[in-house]
Every structure is written in structure tokens, then in C-alpha cells.
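Open the model in your viewer and set the display to cartoon. Have the selection tool ready, since each stop on this tour begins with something to pick.

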Amino acid sequence: MNGEKATGPTSTACGSQDACGCGVGLADRATANPLAGFSRTLLWAFGLIIAVVVLLVVAAEQLGVLDMLTRFVPWPVWFAAVLAGGWPVFRHVLRATLRRKVTSHTLMTVGLVAAILAGAWPAAVLIVFFMRLADYIEHFTAEHARQAVRDLTALAPETARVEREGREVEVPIEQVEVGETVIVRPGEKVPVDGEVSSGQATVNQAAITGESMPVEVGPGARVFAASFAQLGHLRMRVTAVGKDTTFGRVITLVEEAEQHRAPIQRVADKFAAWYLPVVVTVATGTFLASGKLLATAAVLVVACSCSFAIATPVAVIASIGASARRGLLIKGGRYLEVLAKATVVMLDKTGTLTLGRPVITDVVPLDAELGTDEILGLAATAERYSEHPLAEAVRAAAALRGLSLGEPQDFEAIPGIGVRVRLDGETVAVGGRRLLSAEAPPPIAADLETQGKTLLFVIRNGRPVGVLAAMDTLRPDVPEALAELSRLGIKHLELLTGDNERTAAAIAAPLGILWRANLLPADKIAVVKEYQRRGHVVVMIGDGVNDAPALAQADVGIAMGAAGSPLAMEAAHIALMRDDWKLVPEVLRIARRTMNTVKINIGFTAVYNLAGLALAAMGFLPPAIAAAAQAGPDFGILANSARLLRQGGSRQSTHSNKAPALAALPKGRV
């Protein structure tokens, strides 16, 4: 498959992740995540509360305290306490009933109504207590409100430098009109979408297109709002402003994706839908057979346990806490449930599959008198004072080889072309094809470009003497992680990138996955929607601003948090707090393990309640004891869910994301 457009190194508002610190410290924050330790404390506290309440109820029933309270406390007081305590849950149940839905809370409400009708007020109060306790746990595990749109908006400039009446005037963005001329200076963010009318600049458009390399733009080129002019200056004609820009549409897409993502129905609610008719049937049979209202109420109370409501959230608490210790931030239990059913995984390229920075991969001498070390040394010396990202890659390659750099003279940076210096009385230039003038590039250049690599030509005294090739390299742990996803049953893996076709194919082909290139954010979200329309459960993995709409639209969005943009972390539902691709298959295993635990919780609760139902139907359980007996499954759920806390320690990544060493650089390609 083909088709996709670039999304490059994860950029930030400042254009450099390291410069602004946007990607720094996230791994440290992960280790301090309060969920990591709090989940265990919460489970123990919950168990202690249940134990105390059960012991008090059993003791009070044996001593006749509950009967005494029922006689001396007027029923309006009981009713007011039940209504005040349970109103939030009752309102939820009423709304669900109007929509013809049966939830786990519906079961508990039926038991509550039965207790009230039988006059078993202490049992009714106990049911409300357990309902609210379960509701609190469920509320605690809900995801926190996201600030994605606010963070997105903060990336865009608030003012623009407009040319009016022969003068440059700085005005608020909302006052800029289509057709006007905007000036962008070196180091500034582009405030609007536009077409370059004059000037040359090196522009980092990763926030929008995701291109892995900054692009050289000149007259006639399109430039997007929120991109970053690293070198050079531009005069551009405005084609779109504010919400109409490509960046503005990204904001809109994130909002729409969040609003239209379908909610996931929980396993407990599905179980309740068929379990309730069974309970009502048994209760009706008990009343018809015995004529005892208290026995009938006891049947409904013991069967309609709060355990159905906590079966999911307690397991989720355990998994979220254990995952946080492993560097996985999971924003809600619903995402664990849907992730366990994933069938399709979509992948961003730059910063996600790759390191997000250029690395010199080939050094090819064109002069028989010069070796790879000499060519690399010449290039690194010429680029010694250049700020271009490719210059940084050249210097890093030379440093890995232990090469010493000379002192260039008459340094000249030529935007859109390269650099030129004087070195030992000779002229040395390093740059792209435009340095070659009318001279045809060497045959090796076509081969390297076919591999999706960016070329730098080394020119000495007007004659090409070498070629350097740079590429955004694959993260070392990606192949193993993707193979593990396949073993876990994910059969469809597809690369969605904003880069060009050659680069996409060069990354995807060795991995054996499908790809689409030249994709803008709107294109990525369209691909996700298409798979969802076919009935697939879609997981999107990305790290940049341009991935945010697709991350939000996907059934589960996973952000490479440690290296990615803050926006991607906000828009995603799961964030990897370490640059460790092994966490991707690990979170899938955690999701499946969690849902298996939930199913065991519900199965145990069902068996326990059926036994209690039989005892109550035979008159062996009074309503208050039946209400206290609801705690039995809770202990089982706690014990079973606690196993999820032992999913593993805080395993640190063993690999390094450094550039490939060039120590063994051969006389040809690296």
C-alpha cells in the first residue's frame, strides 16, 4: 500500500525538544506516579472497611441490635438516609432504565427496593453503603479531564509580523487577512498557512506533516502554521488563518474525535442484563412457594450484590497501579477492556518507530585519494558551526569515529543550499544537490535516494569528492516488539507516515508491514475511521502533534510519552513513559490479563450469589445477614485482583537510543 505524508522528529513549540525541555523528565515523573503505590493501599483499605462492616453487622444481628434500631428509628429517617446516600446511584440507574439498559447498579437497586418493601431498613442502609463504596472506586479509576485542546492552541503563535503600507507591523493573529504578506525571521514559528513569495529557510514542519527531516523551502513552497523556521527568513502570502489553517483543523479533529468515540460497555453490565431476570424469577418463585416477604427480600438482597459493580474497577485499580510502576500510564479501565480486543495496530514513523533524528548511515568517497575518514572529517569541519540538524548528525558521526576537526575560515551558511568554508587554503562546501550546479550527481546518489536517504555532497575546490547519506534510523527494539504483537494475535500492522514514499518503504519493508505515505493529520484520522467502519478495534501508536487526532479517534491511542509531544500524551489513552518498545506488547498482555481477571471475578460472584440465593430462598438468611453476605464475593475479588499487582517490577530498558556506532566504518557504506 502507498500514500502518506511526513511526520518528523517530535517537535515542540520551540522547535527543539531538548531546547524547551518538553520531553524531559517524563520518565522520572512516571516513577513518581501516585497510582503506583496508591493502588495497593486502596485495595487493602477497601478490604479492611468491608471486614469491619461485616463483623459489625453480624454482631449486631446476633445481639438483636438491628431489630431494636428498626423498631425505635422512624421509617422516614431510614428513608431519608437511604435516599440521600444513594441518590447519585439511583439517578444513574433511572437514566439507564429509561434507555432500557440494565447495569450492575440496577441489580443492587432491585435488592434495595426489596429490603425497603420488607421493612429491613438496616439491610437497605448497608446496600447503599456498598453501592457508594463501589461507586467511589469506579469514579477513582475514571480518566482525568484532558487539556489536549488547550495544549494544542498554546503551540500556535498569537501574533504575526505583517507587511502593511511598506512597514512591518506585528498584529494579533485574528487580525491577519488572507492574501496579506507575512514575514518570518530565523528562529520564529510560522503563524499562518501560506505560500513563500521570497526568501529561503530551513523549516521544521514535524508538528504538522511529521517529516523526519527539516525541509528547505523557497519561492512557491507551502508552509504550515506552527512549523518552525530554524534557519533563513521568509516572506509568504497568507492562504489560511486561525481555525482554517492545517494546524487549526488538527485542533478541530481532536475535539471531534473525543466527542464521537463510542463508549465501551463493561463486562459487568453485560452480565447484569441476563442475570437480573434469573434473580427476579427465583425471588418470585420463593414468594409464591413460601408467601414470606422477608425471605423474598433476602433472595433479592443476597443475589443483587455490589460485587458486580466492583468486579471491573478493583481489577482495573490493580492493573493501573502495577502498570504505572512499569512505565505505562493508563488513563482508564475502558481502554484496557477495548485493548484486549484489538485487531488492527496503526503506527506513526518518526519518533515512534524511528529515533526521530537523522543519523549518518553511509560515507562514500568519490576521490580515490580520500578514504571515509577523510571525507567525514572534511564534512564535519565544514559543518562545525552550522546549526542545521544534518550538520549535527555529521559532527556526531565524526565524534563516534574519534576524528579531530579543523578550524574552518570564512564560514558561510547558504539557506536552502548548504555551507561553504575555507580550509587549509582550499574551498570546501557541504550541502544538497543544488551545490552540484549543472554537474550530474554520481550514480551512487540514485541508489542511496531509493533507500529513502537524504544526501549531503562534499565539494572540494568545485569538485565532488564524497557523498554522505543520512536517515532517521529504526529504534533497535521495534522489530522484536512488532513480532511479539503478531504472536499475540495482531495480524494487521500498518505504517501511517507523513514522509515520502521512498522513506516509508525503506522503514516498512524490512519490518514486513504495510504502509501509507504523504499523510496529513486529517488523512491519518480518515484511515482510522475506515478500519473502525469495517468493525475493527483500532490501536494507534504515535508521538507527535500531527498524530493527536488519530490517537484520539482510535479505540485506543498509545503515545510514546518519554520522547513524544505533551499533546500526544494528552490525546492518547495510554502513554509509554519510557522509550521502550517492549512496553507495547506488554500493555496488550496486561489488558488481556486484566479482562480475564474481571471475568473470573464475575464468575466467582455469580456462583457465590447463586449459593446465597438458594439459602435465602429456603429461609436460612435474614435480610441484614444477606446484605452482609454480599461482602463474601468482595474478598474473593480483592484476592483475585491483587494478583495483577504482581505483573512485574519496574523493568528498565536495556538498550540505548544512541546513533549506530561508526567504529567499523568500511571503505564505502556504513
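The tour starts with the whole chain and then visits its parts one at a time.

**The whole chain**

Keep in mind that this is a predicted model. Select everything: the chain holds 24 helices and 20 strands. Of its 670 residues, 56% are buried. Now consider the contacts between residues at least 6 apart in sequence: 72% of these join residues at least 24 apart.

**Stop 1: a hairpin**

Select strand β1, residues 159-164, together with strand β2, residues 167-172. The two strands are antiparallel and are paired over six bridges. To see one pair of facing residues, show valine 162, which has valine 169 of β2 opposite. Which residue in the turn has a positive phi? Two residues separate β1 from β2 in this hairpin, and glutamate 165 in the turn has a positive phi of about 55 degrees.

Add strand β3, residues 181-184, to the selection. β3 also pairs with β1 in the antiparallel sense, here over three bridges. Threonine 181 of β3 lies opposite glutamate 163.

**Stop 2: a seven-stranded sheet**

Next, select the strands of an open sheet in the order β8-β20-β19-β18-β9-β16-β17. The pairing among these seven strands is mixed. Look at the two edges, where β8 (328-330) and β17 (514-516) each have a single partner strand, so one side of each has no neighbour in the sheet. From one strand to the next, the twist averages 20 degrees.

Inside this sheet, pick out β9, residues 344-347, and β18, residues 538-542. They run parallel and are joined by four bridges. One residue to label is leucine 347, whose bridge partner in β18 is isoleucine 541.

Now show helix α22, residues 583-617, which packs on the sheet. α22 touches β8, β18, β19 (556-560) and β20 (574-576), and its direction is at about 45 degrees to that of β8.

**Stop 3: aspartate 499**

Select aspartate 499, found in the loop between β16 (492-496) and α18 (501-511). Is this residue buried or exposed? Its relative accessibility is 5%, and buried means under 20%, so aspartate 499 counts as buried. Show side chains here as well: those of aspartate 499 and lysine 349 are joined by a polar contact of 3.0 Å.

**Stop 4: an enclosed strand**

Move to strand β10, residues 354-365. Why can β10 be called largely enclosed by the rest of the structure? Ten of its twelve residues are buried, so the surrounding structure encloses most of the strand. Add strand β15, residues 463-474, which pairs with β10 in the antiparallel sense over eight bridges. Within this pair of strands, isoleucine 360 faces alanine 470 of β15.

**Stop 5: two crossing helices**

Finally, select helix α14, residues 372-382, and helix α15, residues 389-400. Their axes come within 9 Å and cross at roughly 135 degrees. Angles over 145 degrees would count as roughly antiparallel, and α14 and α15 are therefore oblique to each other. The crossing is left-handed. To display the contact, show Leu376, Ala379 and Ala380 on α14, then Val394, Arg395, Ala397 and Ala398 on α15.

Technical notes:
Residues numbered from 1 in each chain as written. Predicted model: local features only at pLDDT ≥ 70, side-chain atom pairs only at ≥ 80, totals over all residues. Heavy atoms only, no water. Buried < 20%, exposed > 50% of the residue type's maximum accessible area, 1.4 Å probe, protein only. Polar contact = N/O pair within 3.5 Å; in protein donor to acceptor, adjacent residues only side chain to side chain. Pairing = 2+ DSSP bridges. Axes fitted to C-alpha atoms, helices over the stretch in contact; angles between N-to-C directions. Contact = heavy atoms within 4.5 Å. Parallel < 35°, antiparallel > 145°, perpendicular 65-115°, else oblique. Left-handed = near helix turned anticlockwise from the far one by under 90°.
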